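Please look through the structure shown here and read the explanation alongside it. The text starts with one hairpin and works outward from there.

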Amino acid sequence: MLEAPQPLVEYRGQVRPLAISPDGKNLYAVNTPDNRLEIFKIKNKGLTHLGSVSVGLEPVAVAMHGNDEVWVVNHLSDSVSIVDVKNEPRVTRTLLVGDEPRDIVFAGPGRDRAFITAAHRGQNAPFDPQFGTPGIGRADVWVYDADHLGSNVNGGPLSIIRLFTDTPRALAVTPDGSTVYAAGFNTGNQTTVVTEFLGLPMPEPTTNYAGVPQPVTGQIVK
């Protein structure tokens, strides 16, 4: 009896779950199943839990903008929660970004540019995703001036950089903040599979040592 094919399960875990404030006093952690940002005081002999703040659904990444502001990437909500932690911690702004955002870093000379990875599927974006157009990348990096956000729901990104990959994931920044690197999680290598039903000739050798022909299979082609 043949079994039905299993659906592809995409890994949607945390990408950057922890952040320490620049002054080294506090630790911030995403509580993904409870949709919260947890706040801890760093002490010589451990951590003290100071409280938590409700953010969007499935927070997976967190980054500090100075000592008093935390940006949290919410994977399922397609959003970023900006949390003021200077006094009573609270969400002061929610930015609607691209589909399934996953990571965030701050770069630039003053670390005032926010970079956020998201899938290129058209959500909250001021462009046509061109789903039927060949050669269009399926990954975006949203770039913000963190000190001067726009008033619209997506915060007025400075740029949305399109990358030729799929499922954009982790980001990294050089120590001087001048360069940002982005990694694709499910990315292509310019190959595809041709089904065996097309009858393409198989590459040699086509038999084993005993002369038994190999079964007809699909082929990976470039």
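Which residue in the turn of the hairpin formed by S6 and S7 has a positive phi? In this predicted model, that residue is aspartate 78, with a phi of about 55°. The turn belongs to a hairpin in which four residues lie between S6 and S7. The two strands run antiparallel and are joined by six bridges. Across this pairing, valine 72 stands opposite serine 81 in S7.

S7 also pairs with strand S8, which covers residues 90-96. Again the strands run antiparallel, and six bridges join them. The connection from S7 to S8 is a hairpin through five residues. One of the bridge partners can be named here: valine 80 is matched with leucine 95 in S8. S7 is mostly covered, with five of its six residues buried.

The hairpins belong to a protein that has 16 strands and zero helices. Its radius of gyration is 23 Å, whereas the globule rule gives 17 Å for 222 residues, so the protein is more spread out than a compact globule. Along the principal axes, the C-alpha atoms fill a box of roughly 75 × 45 × 40 Å. Of the 222 residues, 37% count as buried. The exposed surface comes to about 13000 Å², and carbon and sulfur atoms supply 56% of that area. Taking contacts between residues at least 6 apart in sequence, 44% join residues at least 24 apart.

The next topic is the nonpolar interior. In soluble globular proteins, nonpolar side chains tend to be buried together. Here the largest nonpolar core has 18 residues, and Trp71 and Ile104 are those with the most contacts inside it. The elements that give two or more residues to this core are strand S5 (59-65), strand S6 (69-74), strand S7 (79-84), strand S9 (104-107), strand S10 (113-119) and strand S11 (139-145). Both strands of the opening hairpin, S6 and S7, are thus on the list. Apart from this core lies another, of 13 residues, with Leu37, Ile39, Val53 and Met64 among them.

Trp71 also takes part in aromatic contacts. A pair of aromatic rings is described by the distance of the centres and the angle of the planes. The count of aromatic pairs in this model comes to two. In one of them, tryptophan 71 and phenylalanine 106 meet edge-to-face, with 5.3 Å centre to centre and 85° between the planes. Tryptophan 71 lies in strand S6 and phenylalanine 106 in strand S9, so this pair ties together parts that are 35 residues apart in sequence. Tryptophan 71 is buried, with a relative accessible area of 0%. Phenylalanine 106 counts as buried too, at 7% relative accessibility. Together with Tyr144, these residues make up one aromatic cluster, Trp71, Phe106 and Tyr144.

Some backbone details are worth checking against the model. Most residues other than glycine have a negative phi, and most peptide bonds are trans. Asparagine 35 has a positive phi, near 55°. Its place is the loop between strand S2 (26-31) and strand S3 (36-43). Asparagine 35 is partly exposed, with a relative accessible area of 22%. Threonine 167 likewise has a positive phi, near 50°. Threonine 167 is in the loop between strand S12 (159-163) and strand S13 (168-173). At 4% relative accessibility, threonine 167 counts as buried, because the cut-off for that class is under 20%. The peptide bond between glutamate 204 and proline 205 is cis, with omega about -5°. Proline 205 is placed in the loop between strand S15 (192-194) and strand S16 (219-221).

The last stop is valine 15, in the segment before strand S1 (18-20). Which residues does valine 15 touch, not counting those up to four places away in sequence? They are Val60, Arg102, Asp103, Arg169 and Ala170. Valine 15 counts as partly exposed, at 22% relative accessibility. The C-alpha atoms of valine 15 and threonine 191 are separated by 27 Å, and the two residues are 176 residues apart along the chain.

Terms used. Residues are numbered from 1 along each chain as its sequence is written. This is a predicted model: local features need pLDDT of at least 70, side-chain atom pairs count only at pLDDT 80 or more; totals for chains, interfaces and linings use all residues. Side-chain values use heavy atoms; hydrogens and water are left out. A nonpolar core is a set of buried Ala, Val, Leu, Ile, Met, Phe, Trp, Tyr and Cys residues joined through side-chain atoms within 4.5 Å. Buried means under 20% relative accessible area, exposed over 50%, partly exposed in between (1.4 Å probe, protein chains only). Rings of Phe, Tyr and Trp (its six-membered ring) pair if their centres lie within 6.5 Å; planes under 30 degrees apart count as stacked, over 60 as edge-to-face and the rest as tilted. The radius of gyration is taken over C-alpha atoms; the globule rule is 2.2 Å times the number of residues to the power 0.38. Contact means heavy atoms within 4.5 Å. Accessible areas come from the Shrake-Rupley method with a 1.4 Å probe; for residues, only the protein chains shown count as cover. Two strands pair if DSSP finds at least two bridges between them.
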